[in-house]
There are 2 protein chains.
Amino acid sequence: MVSPAPEELRRAARDARAAYRAGRVDPTSGVAPGFTQANLVAVPADWAFEVLLFAQRNPQPCPVLDVLEVGQVESALAPGSDVRTDLPAYRVFRDGVVVEEVADATPYWENLVTLLIGCSFTFETPLLAAGIPVRHQELGRNVPMYRTDRPCVPAGRLHGDLVVSMRPVPADRVADAVAISGRFPAVHGAPVHVGDPAGLGIRDLDSPDFGGPPLVRDGEVPVFWACGVTPQVALLESRPPFALTHAPGHMFVTDVLDSEYDTACDRGAA
Amino acid sequence: MVSPAPEELRRAARDARAAYRAGRVDPTSGVAPGFTQANLVAVPADWAFEVLLFAQRNPQPCPVLDVLEVGQVESALAPGSDVRTDLPAYRVFRDGVVVEEVADATPYWENLVTLLIGCSFTFETPLLAAGIPVRHQELGRNVPMYRTDRPCVPAGRLHGDLVVSMRPVPADRVADAVAISGRFPAVHGAPVHVGDPAGLGIRDLDSPDFGGPPLVRDGEVPVFWACGVTPQVALLESRPPFALTHAPGHMFVTDVLDSEYDTACDRGAA
């Protein structure tokens, strides 16, 4: 079991959540560095088994960090949090269509089960610490994300293709980026694909399906990681009557240090 | 994703399942060595989310190897299998009471979701290969299992204490037993406790709650591993109207090689 960081260390994470609760809307890449961020998907109770099973069957895009049962809105990963308000932006899905993007999900919150899913922003801090550039942070943009042609393992009524995030990495640092991210299986782990976007069925790298436009410089290779937006594509494809998610790139900032998910600093958890 | 072994290798596993399907009732420790065995818990659909969430929150006792949705009876871990008949013995739970033990669960199988959960028998083969004795196999007995006083993390209506299996290990081989079993997190991994049973709230080591009596020789230490019978204690405590499980020690023998779950032979799965 992971634990929140000591009270005195987690001010940056708490301040970020407070700002989003107060209405600020911004992508969270680079926010509260060192603290784990999470994707959110919330569904009515009669879809909860299938969403949890979809995650269990597709652990690389959907590593489960926490599950909030019906009636719970505070995550164990962030004492005092409220998942209805503490993310910068939410998407409201009805019958497989995004009908609205809102900064406060409270009016929509009724009998929902919430999954918090690992996010690759978590290993950006160790990538930066190793001198590997994180381009979308440099540019102040949201990370580019793409639908692929790789089907996930379906679960009941839920099915859909894998979504990936992309970071351009200098060719001589790809091995390091693989090794560093591979230490964090709970936040998508090692890349699923390195190089030619066509290998994932991505036709135009310059037109991501979610997030901001990419910038790949000479000598850099596009590197693709499994992405926690994958359940959103499953919602689009599988059309449950209702669901709520975070807006891509606008994550739940937790009080848990990234190092808790670093298997190279294993604390002996199973 | 793990895969079943090639057709020509898995005869021992297939033969074992065929014998149990034909009515043979025996504990499965030592059967089809090298093939992964699994615990079974099957519940009506309206308890499925909570059972899966209980497993997700308690991964050491309840590592999920496969989930069969309503209407499925063949596990992906064993092509051609039928989980209603291919285990040596089943327990029928009604309102938290074991009302029957049967060799064929077909008559009870209606709208059930089935979880197959990793079993520590899986790492007995590598323990033996390292020269570490597996006493209950030597004696031709079922492994001794105990209820502990360590609460699992509850999930909805499901709650209960951890169950452990016990193997006596020579004092100078405890470190090796820890290292070897620790390579297999999907089948309970490293021990949860080494030594004094009182530390787990076990009053009398000679009276296990499940399985056969232990025999600890001079110079040996009792070593306790998390056990896939844990969900059965949750069923006893939480009293769903109906559930089916394997009889303790009478497991589902799969076609998957133990090495698929050995993180020291990692095939790159996430």
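**Charges over rings**

I started in chain B, where the charged end of B:Arg167 sits over the ring of B:Trp225. I read a distance of 5.2 Å from the ring centre. I note here that the model is predicted. Next I turned to chain A. There the charged end of A:Arg157 sits over the ring of A:Trp47, 3.8 Å from its centre.

**Aromatic pairs**

I then looked for paired rings. A pair of aromatic rings is described by the distance of the centres and the angle of the planes. How many aromatic pairs are there over all chains? I count four.

I took A:Tyr146 and A:Phe224 as one pair to examine. Their ring centres are 6.3 Å apart. Their planes meet at 75°, so I log the pair as edge-to-face. The cut-off for that label is over 60 degrees.

Where in chain A do A:Tyr146 and A:Phe224 lie? I found A:Tyr146 in strand β6, residues 145-151. A:Phe224 is in strand β9, residues 220-226. The two are 78 residues apart, and the pair links distant parts of the chain.

Are A:Tyr146 and A:Phe224 buried or exposed? A:Tyr146 has 1% relative accessibility, so I enter it as buried. A:Phe224 has 0%, so it is entered as buried too. Buried means under 20%.

I repeated the look-up in chain B. The rings of B:Tyr146 and B:Phe224 have centres 6.3 Å apart and planes at 75°, so I call this pair edge-to-face. B:Tyr146 belongs to strand β6 (residues 145-151) of chain B, and B:Phe224 to strand β9 (residues 220-226) of chain B. The pair therefore ties together parts 78 residues apart in sequence. I find B:Tyr146 buried, and B:Phe224 likewise.

**Interface of chain B and chain A**

I moved on to the interface. I list 18 residues of chain B in contact with 18 residues of chain A. The buried area between the two chains is about 1500 Å². Carbon and sulfur atoms give 67% of that area.

I checked charges across the interface and got two salt bridges. One of them joins A:Arg57 to B:Glu69. The closest N and O atoms of A:Arg57 and B:Glu69 are 2.7 Å apart. For polar contacts between chain B and chain A, I count seven residue pairs.

Which elements give two or more residues to the side of chain B that touches chain A? I find α2 (45-57) and β2 (64-68) of chain B. Of the elements on that side, α2(B) gives the most, with six residues.

Definitions and conventions:
Residues are numbered from 1 along each chain as its sequence is written. Chains are lettered from A and ligands numbered from 1 in the order in which they are written. This is a predicted model: local features need pLDDT of at least 70, side-chain atom pairs count only at pLDDT 80 or more; totals for chains, interfaces and linings use all residues. Side-chain values use heavy atoms; hydrogens and water are left out. Rings of Phe, Tyr and Trp (its six-membered ring) pair if their centres lie within 6.5 Å; planes under 30 degrees apart count as stacked, over 60 as edge-to-face and the rest as tilted. Helices (H or I, at least four residues) and strands (E, at least two) are DSSP runs, numbered from the N terminus. Buried means under 20% relative accessible area, exposed over 50%, partly exposed in between (1.4 Å probe, protein chains only). A charge sits over a ring if NZ of Lys or CZ of Arg is within 6 Å of the ring centre and within 35 degrees of the ring normal. Contact means heavy atoms within 4.5 Å. Buried area is the accessible area (1.4 Å probe) that two parts lose on being put together, summed over both. A salt bridge is a side-chain nitrogen of Lys or Arg within 4 Å of a carboxyl oxygen of Asp or Glu. A polar contact is a pair of N or O atoms within 3.5 Å; within protein, one must be able to donate a hydrogen and the other to accept it, and residues adjacent in sequence count only if both atoms are side-chain atoms.
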